[in-house]
Each structure stands twice: as structure tokens, then as C-alpha cells.
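Subject: Structure for you to look at

Dear colleague,

Here is the structure I said I would pass on, with the sequence alongside. Please open it first, and then read my notes below with the model in view.

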Amino acid sequence: QLVESGGGMVQAGGSLRLSCVTSGRASSSYAVGWFRQAPGKEHEFVAAITWSNTDYADSVKARFTISRDNAKNTVYLQMNSLKPEDTAIYYCAAASGYYAHVAADFYSWGQGTQVTVSS
């Protein structure tokens, strides 16, 4: 199971930190990733973290940072220099093995948290 929190409304240039608390099988998954979905669009890969590596979409590289606190079973997404085009519902998801940047490779999903960036 995965539960996201930390979404909200922020002005362009601002920051937010999303949290994803994992439990059960998701806590020991190979990777935990963040996706986002804007209205009328498909899920877009944002970032992922394994036990040894991090991985980012080009659109967020240098602005977003993914990290994990294993003691708290929590994965974070620090989002800086936010832009209006970052507005979306953000989901965390777990992958059991090697993954591509596609939603189908992730087997368990949270309910999502809304991020809105105003210009």
C-alpha cells in the first residue's frame, strides 16, 4: 500500500515536498516512483528511486529531488522552482523489478495528491 500527502497550491517558483508512506509489499519493492497526471493526459513518469539509484524525467531534472527514509518507510519528492506546467495529480507507485518510465511497470499505486502551481 502507498499513501501520498503534501500536495497543495503554490505560486510559480515555489516549492512543495510530497511524501509517500509505503507498507506491506510496497515497503520492500525494488523501486518506488512518482508519476503525475494532468487533466486529459496520460500518466507521466517524474522520478524513481531504488535501493541504490535515482532516476528523473528530463522535465524535472535539477528541480526535483527524490529521496527515501527507510526507517520511516517513506519516499519524498522535493519539488523546487515549480512551474504552472507541473500542475497535476501526483501518484507514487511501486515496481517489483526493472522498470521503464511507463505506468504499466508499476504494480501498486497510491490515491494521488493534487499539486497546483499558479502563474
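I begin at one position in a strand: Cys-20 stands opposite Val-75 in β8, where strands (E, at least two residues) are DSSP runs numbered from the N terminus. Before going further, please note that this is a predicted model, in which local features need pLDDT of at least 70 and side-chain atom pairs count only at pLDDT 80 or more, while totals for chains, interfaces and linings use all residues. Residues are numbered from 1 along each chain as its sequence is written, and side-chain values use heavy atoms, with hydrogens and water left out.

The disulfide

A search of the whole structure finds one disulfide, the term being used for a pair of cysteine sulfur atoms within 2.5 Å. Cys-20 and Cys-92 form this disulfide, and their sulfur atoms are 2.1 Å apart. The torsion about the S-S bond of Cys-20 and Cys-92 is about 70°, so the disulfide is right-handed. Because Cys-20 lies in strand β3 (residues 16-22) and Cys-92 in strand β9 (residues 88-95), the pair ties together parts that are 72 residues apart in sequence. Both Cys-20 and Cys-92 are buried, where buried means under 20% relative accessible area, exposed means over 50%, and partly exposed lies in between (1.4 Å probe, protein chains only).

The sheet around Cys-20

Four strands form an open sheet in the order β1-β3-β8-β7, and the pairing is antiparallel; two strands are said to pair if DSSP finds at least two bridges between them. At the edges are β1 (2-5) and β7 (64-69), each of which pairs on one side only. Neighbouring strands of this sheet are turned by 15° against each other on average, direction ignored, with axes taken as lines fitted to C-alpha atoms and angles running from 0 to 180 degrees between N-to-C directions. Four bridges join β1 to β3, whereas six bridges join β3 to β8 (residues 74-79). On the β1 side, Glu-4 stands opposite Cys-20.

In a regular strand the side chains alternate between the two faces of the sheet. Along β1, Leu-2 and Glu-4 point to one face and are buried, while Val-3 and Ser-5 point to the other and are not.

Residues in β3 and β8

Ser-19 is in strand β3 and is buried, with a relative accessible area of 14%. Leaving aside residues up to four places away in sequence, Ser-19 touches Val-3, Glu-4, Ser-5, Trp-34, Thr-74, Val-75 and Tyr-76, a contact being heavy atoms within 4.5 Å. Thr-74, which lies in strand β8, counts as buried at 7% relative accessibility, and the contacts of Thr-74 include Ser-19, Cys-20 and Arg-68. The side chain of Thr-74 also reaches the backbone oxygen of Lys-72 at 2.8 Å.

Leu-16 likewise lies in β3 and counts as buried at 16% relative accessibility. Leu-16 and Gly-6 are ten residues apart in sequence and 7.1 Å apart in space, C-alpha to C-alpha, and among the residues that Leu-16 touches are Gly-6, Leu-77 and Val-115.

Aromatic pairs

The structure holds six aromatic pairs, where rings of Phe, Tyr and Trp (its six-membered ring) pair if their centres lie within 6.5 Å, and planes under 30 degrees apart count as stacked, over 60 as edge-to-face and the rest as tilted. The rings of Phe-35 and Phe-106 have their centres 5.0 Å apart and their planes at 80°, so the pair is edge-to-face. This pair links distant parts of the chain, with Phe-35 in strand β4 (residues 31-37) and Phe-106 in the loop between β9 and β10 (108-109), 71 residues apart. Both of these phenylalanines are buried. Ring pairs link Phe-35, Phe-45, Tyr-91, Tyr-99, Phe-106 and Trp-109 into a cluster.

Two backbone angles to check

Ala-62 has a positive phi of about 80° although it is not a glycine; Ala-62 is found in the loop between β6 (54-56) and β7, and is exposed, with a relative accessible area of 83%. Asn-73, also not a glycine, has a positive phi of about 50°. Asn-73 is placed in the loop between β7 and β8 and counts as partly exposed at 33% relative accessibility.

With best wishes

How values were computed
A polar contact is a pair of N or O atoms within 3.5 Å; within protein, one must be able to donate a hydrogen and the other to accept it, and residues adjacent in sequence count only if both atoms are side-chain atoms.
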